[in-house]
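Me: I would like to go through the labels used for this model and ask what stands behind each one. Please set the values against the cut-offs.

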Amino acid sequence: MLRALETGLGGLDEWQAELRLVECGENTLPAPAAPSWSRRVAAQARDPYAATLCLLVAVTCLSGAYGSAAVLSVLVVAGCALRLVGEVRAEQDAAALRTLAEGTATVLRRRSGADGAADRPRARELPFDQFVPGDLVRLGPGDRVPADLLLVRSSGLTLDQSALTGVSLPAAKRAAGASTAAASGLRSPDNERLCLRGSTVVRGTGSGVVVATGADSYLGGRPAPDPGTLGTPVPERPEATRHTPRRTAFDRTARAVSGLLLRLTLLSGAAGLLVGALAEGHSWEVVPYAAAVAVGLTPEMLLLVVTAALARQSDRFRRGGVYARRLTAVHDLGTLDVLCTDKTGTLTRDRLTLDAGLDPEGNPDPGPAHWAAVTSLVCADLGDPPLVDSVDEALLDAAWEADPGFADRLTGLLAVPFEPSRRIAVALVRGPVGLGSATLSVTGAVEDVLARCASERVDGGERPLTEARRAAVVALADARAADGLRVLAVATAETEAPAAGPGVRTARRRAEDPYGLTLLGLVCLADATEPDAAAALADLAAAGLTVKIVTGDRAGAAAHVCRAAGLVPGTPLLGPEADALDDAKLRRVAERTTVFALFAPAQKARLVRALQAAGHTVGFLGDGLNDMPALRAADVGVSSPAALDPGPRRSADLVLGADALPHLAGALRAARTAVANVGNYLRITLASNLGNVLAMLAAGAVVPFLPMLPAQVLTQNLCFDLAQLSLAFDRPLRDGGATAAPRRLTRSDLARYALLFGVVNACADLATFALLRSVTAGLHVAHSEVLFHSGWFTENLITQAVTVHLLRTGARRSDGWSPASWPVRVANLALVVIGVLLPATPLGAALGLRLLPGEFYAFLGLILAGYAAALLAARRFVALPSKGERLLRPVDAAT
């Protein structure tokens with residue numbers, strides 16, 4: 001490899017490195033290419049709602065109703081512009097979060113003198129973006145690997161690769177791993193000779209040569225230009241996999257609703273032609289009238305209301321540190337009913353903490369944890385080099401919290417730090433037995449410590465350690481390890497404090513090969529759960545969301561975190577077991593399983609698709625490269641605050657800022673508010689407009705003129721649509737209400753709803769027609785026509801205000817619905833005022849309206865009271881879910 005890269009153990013010349021930096025480019029990960037404005041506009045035009053309204057604009061223009069077409073065009077452009085601005089703003093916020101603060105790493109470089117001879121290699125710190133292939137990099141504890149490295153030397157090197165694999169336990173790396181490298185032969189986290197970019201050194205040291213940088217690295221996602229240098233081709237990375245465009249919950253809803261709107265538009269246009277033909281014959285006046293009827297049935301403000309509702313809740317997201325990269329993700333989050341979440345870095349902090357100290361029989365005992373902390377402290381003080389890994393940090397933090405002066409009475413004499421080959425750490429300390437005495441403290445792997453023990457200490461007394469007791473201790477350790485804990489054994493032995501000279505050499509030989517120890521017990525370490533994770537998951541569960549843990553880690557570790565977060569793990573499903581299931585059986589098993597362990601990236605994506613096929617709207621919360629296929633497959637991909645790599649943030653629909661996990665439940669409630677507002681708008685508008693169309697058909701049989709002039713239809717619809725824009729600012733769900741879950745919009749549900757309430761609305765119109773016939777009886781046809789138009793215009797606006805006020809709420813106050821917000825109340829009042837006063841104004845006269853007799857308003861009040869009573873009765877009927885209908889309701893914990 002060194003020959004292929006034209007380098008050596010002394011590193012590159014500075015001039016050679018500069019040439020390679022120009023040739024290969026800076027060592028930066030590829031940023032997502034921002035789409036052009038033309039692509040952004042085309043994407044908005046492909047939206048099903050926008051496409052439906054654009055088709056209606058074209059039909060309206062062909063009919064000659066250019067005024068209607070102009071109004072519709074303005075509404076479509078306004079909706080698309082509002083959505084475009086919102087998504088650009090969200091992308092800017094997400095780009096700011098993608099900035100990586102990677103720091104520097106140590107590199108060996110040589111500098112050529114004036115005579116061309118290179119001097120001795122020198123180590124210096126370089127920013128990550130300055131590394132090139134062939135550089136020799138030195139690694140130490142805490143260092144972040146700057147590029148893909150092939151190890152040249154190593155000493156006890158272990159790496160944290162959780163961002164790449166999802167496994168929280170460190171992975172051992174060694175330069176002498178030729179057999180393993182030949183077996184795997186791949187640039188992958190499993191190759192123990194390779195250190196991949198994105199990993200972090202946990203302990204040990206090493207040096208390696210850079211084999212790939214930037215986009216050519218494993219994390220960069222592009223195949224290396226010369227894969228043969230490692231013996232075999234580079235495998236396809238998760239982020240490099242090609243995906244077909246997914247169809248999210250918003251896309252499915254939008255297509256279903258748009259299909260229904262197109263059908264109703266065609267039917268209403270035909271109905272308008274029929275009514276016009278019956279009233280006026282086959283004159284050209286019928287065509288704009290039919291177009292006006294079609295426009296009247298279609299919710300013209302649909303795109304604007306949907307965009308405004310989603311954008312308003314997206315702003316609420318941003319205030320909580322949650323950023324929506326696409327505006328429609330707000331809708332998808334609102335329809336979510338299953339959330340799959342990764343474990344490492346998402347629910348856990350990827351940092352060990354002390355879980356328990358146990359005596360050899362498994363009873364709680366602080367002694368083992370105390371002496372394990374003593375061993376860590378002395379090894380950190382006297383070790384060469386001084387190293388503190390995650391195990392030492394956990395033990396020392398717990399010891400200092402229990403007793404800030406736990407080591408004040410002890411003096412470290414010798415230390416033999418932990419090595420992967422020995423699997424034990426040894427410390428020799430003076431005290432606390434007495435003058436001239438010392439204690440040998442040993443911490444390490446259970447089997448290795450037991451092999452050096454001759455006795456055990458239980459209840460303050462010592463007894464011989466028999467083979468049966470050794471097997472019992474091993475079984476105890478295995479049981480705790482099965483719960484996802486990392487288990488270490490602790491033992492001590494009393495000895496004499498070494499004197500100078502030969503005594504020190506003898507003590508060191510004893511420390512390097514301790515024997516005759518007394519077993520104190522076990523210490524159990526757990527991956528620390530995020531302090532806000534349990535509360536956040538409890539809030540999500542209270543909102544009716546089913547949470548599932550999906551991880552590449554072991555089942556025991558996942559189950560332990562699950563219990564710490566307040567979830568019941570049940571029986572985990574392992575990745576190999578999932579591979580043995582077909583898609584249909586996986587769907588059934590996935591619905592009743594909570595923990596999915598040892599899942600590879602492709603298996604996570606398959607699980608998401610299985611849950612979607614079972615009828616669920618699925619979200620995925622993750623932070624690592626191994627989560628990217630699942631993030632892309634989910635209806636809503638959520639990147640956790642721990643995601644430092646650009647891949648997960650680029651693939652996610654929602655990006656959580658720092659400490660934003662507790663705000664996810666609030667974002668869910670805000671998103672459900674947006675979904676409820678959009679659903680209310682569609683249901684109410686379609687019901688009212690369908691009622692008007694049915695009334696027009698009936699009116700065509702009883703009046704010898706057009707039931708309403710085209711200008712009057714458009715004016716009425718404009719007033720109604722402007723008033724319904726207030727629904728985007730409504731709050732139909734009580735804040736914090738656990739049952740505040742909106743229904744999913746389906747084509748059949750929407751059609752049944754519109755038909756039921758449309759018939760109720762049409763009955764109110766027919767009652768008004770009968771009243772108007774009695775009021776206009778005996779009058780001239782022209783006079784009767786004006787009064788008929790005026791009366792129906794007034795009644796329509798008032799009934800629409802009543803419809804909005806009553807149908808925006810649930811059937812029962814216990815459903816979690818709140819009273820109308822002030823924008824809705826103001827808009828409804830404005831409709832009533834316009835309906836009553838507009839006929840008496842010059843504008844009303846220009847539209848062909850005039851003031852009606854006083855007795856009409858008295859009888860109209862009775863009609864409106866009966867209409868309100870009918871709406872309330874029908875609302876209670878619709879509140880009962882139909883067979884097979886899926887509602888977003890909270891699931892009882894026992895269920």
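Reply: The labels are taken in turn below, and the model is a predicted one.

Me: Start with the aromatic rings. Why is the pair of Tyr753 and Phe757 called tilted?

Reply: Two values decide this. The ring centres of Tyr753 and Phe757 are 4.5 Å apart, and the cut-off for a pair is within 6.5 Å. The planes stand at 40 degrees. Stacked needs under 30 degrees and edge-to-face needs over 60, so the rest count as tilted. The pair is therefore tilted. The count of aromatic pairs in the model comes to 6.

Me: Where do Tyr753 and Phe757 lie in the chain, and are they buried or exposed?

Reply: Both are in helix H25, residues 747-775. They are 4 residues apart, about one turn of the helix. Both are buried, and that label requires under 20% relative accessible area.

Me: What makes Arg683 a charge over the face of Tyr753?

Reply: Arg683 lies at 5.9 Å from the ring centre of Tyr753. The limit is within 6 Å for CZ of Arg, together with a position within 35 degrees of the ring normal. Arg683 is therefore listed as lying over the face of Tyr753.

Me: Which residues form an aromatic cluster with Phe788?

Reply: Phe769 and Trp792 form one cluster with Phe788.

Me: Now the helices. Why are H26 and H27 called roughly antiparallel?

Reply: H26 (residues 781-807) and H27 (residues 822-837) pack at about 165 degrees, with their axes 7 Å apart. Angles over 145 count as roughly antiparallel, so H26 is roughly antiparallel to H27. Their crossing is left-handed.

Me: And why are H11 and H12 called oblique?

Reply: H11 (residues 367-382) packs against H12 (residues 390-402) at about 120 degrees, with the axes 9 Å apart. Roughly perpendicular covers 65 to 115, and roughly antiparallel needs over 145. The angle fits neither class, nor the parallel one at under 35, so the two helices are oblique. H11 passes H12 in a left-handed crossing.

Me: On to the open sheet. What makes E9 and E20 its edges?

Reply: The sheet has 8 strands in the order E9-E24-E23-E22-E10-E19-E21-E20, with mixed pairing. E9 (322-324) and E20 (573-574) each have a single partner strand, so one side of each lacks a neighbour in the sheet. E9 pairs with E24 (residues 654-656) in the antiparallel sense over 3 bridges. There, Val322 stands opposite Leu656.

Me: How do you know that E10 pairs with both E19 and E22?

Reply: Pairing requires at least two bridges. E10 has 4 bridges with E19 (residues 546-550), in the parallel sense. E10 also has 4 with E22 (residues 618-622), again parallel. Both pairings therefore meet the cut-off. Val338 stands opposite Thr546 in E19 and opposite Val618 in E22.

Me: What makes both faces of E10 covered?

Reply: In a regular strand the side chains alternate between the two faces of the sheet. E10 spans residues 338-341. Val338 and Cys340 are buried on one side, and Leu339 and Thr341 are buried on the other.

Me: Why is Leu126 called buried, but Arg554 partly exposed?

Reply: Leu126 has a relative accessible area of 7%; the cut-off is under 20%, so Leu126 is buried. Leu126 belongs to strand E3, residues 122-127. Arg554 has 32%, and exposed needs over 50%, so Arg554 falls in between and is partly exposed. Arg554 sits in the loop between E19 and helix H17 (555-564).

Me: Last, the hairpin of E15 and E16. Which residue takes a positive phi there, and why is that residue called exposed?

Reply: The residue is Asp459, with a phi of about 55 degrees although it is not a glycine. Asp459 lies in the loop between E15 and E16, and the hairpin has 2 residues between the strands. The relative accessible area of Asp459 is 74%, against a cut-off of over 50%, so Asp459 is exposed. E15 (residues 453-458) and E16 (residues 461-464) pair in the antiparallel sense over 4 bridges. In that pairing Glu456 stands opposite Arg463.

Terms used:
Residues are numbered from 1 along each chain as its sequence is written. This is a predicted model: local features need pLDDT of at least 70, side-chain atom pairs count only at pLDDT 80 or more; totals for chains, interfaces and linings use all residues. Side-chain values use heavy atoms; hydrogens and water are left out. Buried means under 20% relative accessible area, exposed over 50%, partly exposed in between (1.4 Å probe, protein chains only). Axes are lines fitted to C-alpha atoms, for helices over the stretch in contact, and angles run from 0 to 180 degrees between N-to-C directions. A crossing is left-handed if the near helix is turned anticlockwise from the far one by less than a right angle, and right-handed if clockwise.
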